[in-house]
Amino acid sequence: MLRHLTERTWANTIVFFTFIITLSCFSRYISTFIFFGSYATSLYFYLSLTSNAVSEERKLDNLGKRAPSIPSYAPWGLDILFRALYAFTQWRNHEFWYYAFSQNKNANNQWTVEAMTLGQRLTFTADEENIKAILATKFQDYGKGPQFRKEWKDFLGLSIFTTDGEMWHNSRMLLRPQFIKDRVSDLHTFETHVQKLLPLLAGSHNGATVRVDDLFYRFTLDAATDFLFGGSVNSLEDSQADFAEAFTEVQRTQATIARAGPLQHFVPKKSFYKALDTLNAFVGRFIDQALQLSPEELEKTTKSDEGFTFLHALASYTRDREVLRDQLVATLLAGRDTTAVTLSWLFYELSNHPEVVQKLQQEITTSVGLNREPTYDDLKNMRYLQHTLNEVLRLYPVVPYNVRVALNDTTLPRGGGKDGTEPIAITKDTPVGYSTLILHRREDIYPSPSATFKHHLEFSPERWENWTPKSWTYIPFNGGPRICIGQQFALTEMAYTVVRILQRFERVESRDEEFPMFRSDIVLQPAKGVKVAFVGRT
Ligand code: HEM
């Protein structure tokens with residue numbers, strides 16, 4: 001306990017004594033009242049900080065063990081913060097995480113560490129047992145927490161993304177029926193927007209270079225707004241569409257707010273609120289139209305295949321404008337970037353693996369030919385295509401870094417004690433960061449490379465033919481009660497898009513000069529974009 005207490009309090013102690021010594025040196029120049037007033041106030045703060053630290057350390061000792069710490073050589077762990085921020089600005093977040101885990105010298109289990117920064121204890125993990133506890137076995141003990149809700153309130157309100165406990169459960173119940181098989185197997189919306197996407201992929205001439213990530217962002221926005229509201233923003237036709245720009249701006253500032261921590265009040269928010277107005281006006285128009293329908297009319301529309309929209313279905317459960325707005329915007333956020341970045345990474349890999357493109361084309365030709373629109377069942381039966389999607393989500397999991405906060409005093413099952421096998425103490429409000437990217441790229445969870453299993457960092461859909469990941473070591477959609485609700489929608493949209501593109505084009509050629517780098521604002525984006533050329537059939 002003494003070591004951890006010293007870690008927590010040494011900087012405060014130095015500041016306190018420096019202040020007292022300075023105060024004493026200048027005592028003759030200041031009034032006795034100010035002297036004793038300052039002395040008493042600083043003593044009060046110092047003692048209360050120290051006493052809080054002592055009781056926190058006692059609580060931790062009673063709860064369990066500690067994980068190895070990331071060493072810090074500057075007051076309040078500022079060097080750790082600086083290192084993390086620097087890595088973030090250089091698109092090298094993963095290097096910070098690898099550095100953090102390299103500080104754990106425990107041969108049994110190096111995948112959990114902790115750090116103290118600005119008086120706050122943080123835990124980082126890429127250990128599947130700890131992630132399983134956070135997301136499933138100790139689900140009641142970990143959540144998004146009040147701070148997250150506060151930071152995201154303007155954008156996402158009290159929606160499925162921001163809430164815990166009963167409020168989250170109610171949101172989940174409200175949204176769940178909209179993702180049943182009957183709904184996600186309706187491929188009509190995807191076809192409409194794929195037809196707008198294909199000529200843009202072709203570019204100005206056969207083999208022209210295109211920024212495929214940009215086009216996928218616009219494509220998934222168009223498809224998602226169509227599915228959710230029954231009206232698309234059509235950003236593929238008009239790249240300057242107000243809504244698309246506003247949505248991007250809101251996300252950009254939101255990511256900054258979320259990362260700024262205590263400095264978030266200094267983040268300029270004028271353009272954020274302006275963009276939020278544009279977004280709300282767009283969503284509001286559709287909500288007004290839906291609410292003009294009587295409950296009977298809504299039910300009729302919801303039951304018919306053509307008239308169905310996500311919004312109409314929700315409006316037949318609740319007529320609360322705010323609830324509708326928040327859930328729709330949250331689903332739009334969840335549904336748009338996720339599929340856009342996965343398709344971008346996929347085409348980055350395909351452009352570097354012509355043999356995979358060839359195999360996909362063989363499968364497409366045998367299953368549906370080069371013209372017919374695939375059905376939901378066709379897509380599910382294309383094994384190589386499903387393996388390709390699994391593989392891209394293994395190497396590029398959409399949410400690379402995530403965080404949960406302890407909602408009460410609890411533990412993580414392992415990583416503590418001398419040999420790293422004992423439970424780690426976690427007190428209420430402690431954030432636990434977990435990384436799916438690091439987990440998916442851990443060498444020790446894979447078989448050794450062989451003729452049938454390429455090195456784990458290589459893109460190889462074939463590895464899925466005879467291999468199943470160990471439990472909780474492959475979690476691109478998370479796991480437990482909060483598992484991605486849109487998983488089937490996403491897999492169907494992406495499979496459909498890949499099939500339609502590879503029916504139209506024979507080859508995908510890379511035009512990138514180097515690896516696009518990992519940008520991880522909220523989702524894992526290719527930082528430098530993905531440039532490819534689509535070569536059509538002659
Ligand atoms: C490649 C595509 C996708 C991936 C990899 C993905 C992954 C994830 C992950 C990791 C989470 C958990 C986030 C957290 O709790 O911190 C999540 C939650 C969620 N996803 Fe997805 N997602 C994808 C596409 C979609 C789509 C297309 C939709 C809807 C149209 C969607 C809707 C949601 C919703 C509503 C949640 C919140 C669930 C809850 O908290 O109960 N996702 N997704």
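**Strands β5 and β8**

I began with β5 (residues 401–406) and β8 (residues 431–435), which five bridges join. The two strands run antiparallel. Across this pair, N402 stands opposite Y434 in β8. The model is predicted: local features need pLDDT of at least 70, side-chain atom pairs count only at pLDDT 80 or more, and totals for chains, interfaces and linings use all residues. Numbering starts from 1 along each chain as its sequence is written.

Next I looked up the sheet. Five strands form an open sheet, in the order β1-β2-β8-β5-β3, with mixed pairing. The edge strands are β1 (112–117) and β3 (142–143), each pairing on one side only. Strands here are DSSP runs of E of at least two residues, helices are runs of H or I of at least four, and both are numbered from the N terminus. Two strands pair if DSSP finds at least two bridges between them.

**The ligand shell**

Which residues are closest to the ligand? I noted A334, G335, T338, C484 and G486, out of 23 that surround the ligand. A residue counts as near if its C-beta atom, placed from the backbone, lies within 6 Å of the molecule. The elements giving two or more residues to this shell are α7 (165–175), α15 (321–352) and α20. Helix α15 has the largest share, six residues. By class, I have 13 nonpolar, eight polar and two charged residues in the shell. Ala, Val, Leu, Ile, Met, Phe, Trp, Tyr, Cys and Pro count as nonpolar, Asp, Glu, Lys and Arg as charged, and the others, Gly among them, as polar.

**C484**

I then checked C484 in UniProt, where an unreviewed entry places the feature "binding site" at this residue. Such annotations may be inferred rather than shown by experiment; UniProt positions follow the numbering used here, and feature names are shortened. C484 lies in the loop between α19 (436–440) and α20 (487–504). Is C484 buried or exposed? It is partly exposed, because 19 other C-beta atoms lie within 10 Å; 20 or more would make a residue buried, 12 or fewer exposed, with C-beta atoms placed from the backbone. Leaving aside neighbours within four places in sequence, C484 is in contact with F477 and N478. Contact means C-beta atoms, placed from the backbone, within 7 Å.

**Residues 12–30**

Last, I looked up the "transmembrane region", which an unreviewed UniProt entry places at residues 12–30. Over that stretch the chain is 74% helix and 0% strand. The end C-alpha atoms are 24 Å apart.

Terms used
Contact = placed C-beta atoms within 7 Å.
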